[in-house]
Amino acid sequence: MFNKERWSEILEALSANKFRTALTAFGVAWGIFVLVILLALTNGLKNGVTADFGDFATNSMFMWTQGTSKPYKGLPKGRYFNYRIDDVTAIKNQIPNLKYVSPRNQLGGFRGNNNVIRGTKTGAFEIYGDYPEYIKQQPMDILQGRFLSYSDINEKRKICVIGTGVVKALYDKGENPMGTYIKINGVNFLVIGTFKMSNSQGDQEEEANTIYTPFTTFGQAFNRGDRVGWMAITANDNVPITSIKQQVFDLMKSRHKVHPEDDRAIGHFDLAERFGRITGLFSILSIVGYFVGILVLMSGIIGINNIMLIVVKERTKEIGIRRALGASPWTIQSQILQESLVLTTLSGMLGISFAAFLIWGINAILDNVGPTENFANPSVSMQVVFIALIILIVSGLAAGFIPATRATKLKPVDALRIE
């Protein structure tokens, strides 16, 4: 490997027929280029689709009430009911392996009627009543001040944390919102913090036009009492929420006199299950990418194999002379293998370089035009690059194996007779 004369021979052999070498190298470069690009595009699709989940804890589900579909214990079909705050306590106490159970209430919407006033400025925003642990389920960057605390919950403080869209709509440029008051449906709230969502994808307008208030304050100010609109429930990291949710449903059915087989009465969205389906789909797409890329690469490897067979045939007399002068079969074999490996590796690295340049160009375009729905940040990890290099090395050795074996089987006398 470190023999200077060996490397001189390799370079001389590869440059003897430059056009043939270039065409052979192109086959391998194209194969590895397709492999890397397919994996990068698959990753870009995955990033775009999973961005819809935001940074919300994916081992979670949302649960709300719906009309019953079966009569039960004298109660009619089509009955509606509400969760209460003591249902949250019951879930925490009776269902194991749950990390967070957050009751939530909502008022208005950023596309609805104006519901917030500050001075002469008004706006339509989403108002949520939440508990402090919600920020652990839905991470957000607190730009000023703080998020909700249990002191706010216990004392029913009329405070709020507002998004960047609210600040932009209700305040002048450069004005500090901290310590000011905004009026939500006629009730004054003190601004104690501002935030923006940690993720850069998803519905940014909706996220920015959001106001968080303490759950207890929300219930008192807007006549919700202890009613709960819905719950965000997160399981421990080592336990899928999908395996626990039926226990939660059964508990809620028993507490609200719902038929045990009434699956319509409790609505839910299993974020973990949906996220698992999507990640499974993209795992399959990655396997398909590897499969297609390796198939294309194999065509280039077969080309190198054929070219090396031609090279061996062209150098038959040279091989005979070497054998007659005492060269061992392994010396001849290693020479052919090394030539094949060098050609494969160099052309493969060229393909990886072109793929990296194209990926960089795509990301540069995306940075200029902004986030694209269902497609973001196409890229490959260093692990993929190392796998590609391993594939190149194995392929190079495989491509040179048959020609090298054929070269060692040539008898010196027969080789010297070839003209």
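In the predicted model, the side chain of D130 makes a polar contact with the side chain of R104, at a distance of 2.6 Å. D130 belongs to strand β6, which covers residues 126-130, and with a relative accessible area of 0% the residue is buried. When neighbours within four places in sequence are set aside, R104 is accompanied by P103, L148, I153, Y212, T213, P214 and F215 among the residues in contact with D130. The surroundings of this buried aspartate thus include residues on both sides of β6 in the numbering, with P103 and R104 preceding the strand and the run Y212, T213, P214 and F215 following it.

At the level of the whole protein chain, the secondary structure amounts to 14 helices and 14 strands. Of the 419 residues, 46% count as buried, and the accessible surface comes to about 21,500 Å², with 59% of that area belonging to carbon and sulfur atoms. Among contacts with a separation of 6 or more, 78% are accounted for by residues 24 or more positions apart.

One example of a pairing between residues distant in sequence is provided by K121, found in strand β5 (residues 121-123). The C-alpha atoms of K121 and L170 are separated by 5.6 Å, although the two residues are 49 residues apart along the chain. Beyond its neighbours within four places in sequence, K121 is in contact with V116, A169, L170, Y171 and D172, and a polar contact of 2.6 Å joins the side chain of K121 to that of D172. K121 itself counts as partly exposed, at 27% relative accessibility. D172 also takes part in a second arrangement, in that its backbone nitrogen lies 2.9 Å from a polar atom of the side chain of E175. E175 is placed in the loop between α6 (164-170) and β9 (181-184), where, at 30% relative accessibility, it counts as partly exposed. The side chain of E175 further makes a polar contact of 2.8 Å with the side chain of R118. Taken together, D172 is linked to K121 through side chains and to E175 through its backbone nitrogen, while E175 in turn reaches R118.

The loop between β1 and β2 holds two residues with contrasting accessibility, T68 and K73. T68 counts as buried, at 3% relative accessibility, and, leaving aside neighbours within four places in sequence, it is in contact with P76, K77, G78, R79, F81, V258, D262 and A265. K73, by contrast, counts as exposed, at 63% relative accessibility. The strands that bound this loop are β1 (60-65) and β2 (83-84).

K73 is also notable for its backbone, with a positive phi of about 50° although the residue is not a glycine. Most residues other than glycine have a negative phi. A positive phi, of about 65°, is likewise found at N97, which is not a glycine either. N97 lies in the loop between α3 (85-94) and β3 (98-107) and is partly exposed, with a relative accessible area of 38%. A further positive phi, near 55°, belongs to K257, which follows α9. Within helix α9 itself (residues 245-255), the buried residues are K245, V248, F249, L251, M252 and K253, a set in which two lysines appear beside V248, F249, L251 and M252.

Turning to open space in the model, the second largest pocket contains about 210 Å³. Its lining consists of 13 residues, of which L39, T42, N43, S286 and V384 lie nearest the centre. The elements giving two or more residues to this lining are α2 (18-50) and α10 (271-314), and α10 gives the most, with five residues. By class, the lining of the second largest pocket comprises five nonpolar, seven polar and one charged residues.

Methods: Residues are numbered from 1 along each chain as its sequence is written. This is a predicted model: local features need pLDDT of at least 70, side-chain atom pairs count only at pLDDT 80 or more; totals for chains, interfaces and linings use all residues. Side-chain values use heavy atoms; hydrogens and water are left out. Helices (H or I, at least four residues) and strands (E, at least two) are DSSP runs, numbered from the N terminus. Buried means under 20% relative accessible area, exposed over 50%, partly exposed in between (1.4 Å probe, protein chains only). Contact means heavy atoms within 4.5 Å. Accessible areas come from the Shrake-Rupley method with a 1.4 Å probe; for residues, only the protein chains shown count as cover. A polar contact is a pair of N or O atoms within 3.5 Å; within protein, one must be able to donate a hydrogen and the other to accept it, and residues adjacent in sequence count only if both atoms are side-chain atoms. On a 1 Å grid over the protein atoms alone, a cavity is a set of points where a 1.4 Å probe fits but cannot get out, and a pocket is an open set with protein on both sides within 12 Å along at least five of seven lines; lining residues have an atom within 4 Å of a point. Grid points are joined across faces, edges and corners, and a volume is the space filled by probe spheres set on the points. Ala, Val, Leu, Ile, Met, Phe, Trp, Tyr, Cys and Pro count as nonpolar, Asp, Glu, Lys and Arg as charged, and the others, Gly among them, as polar.
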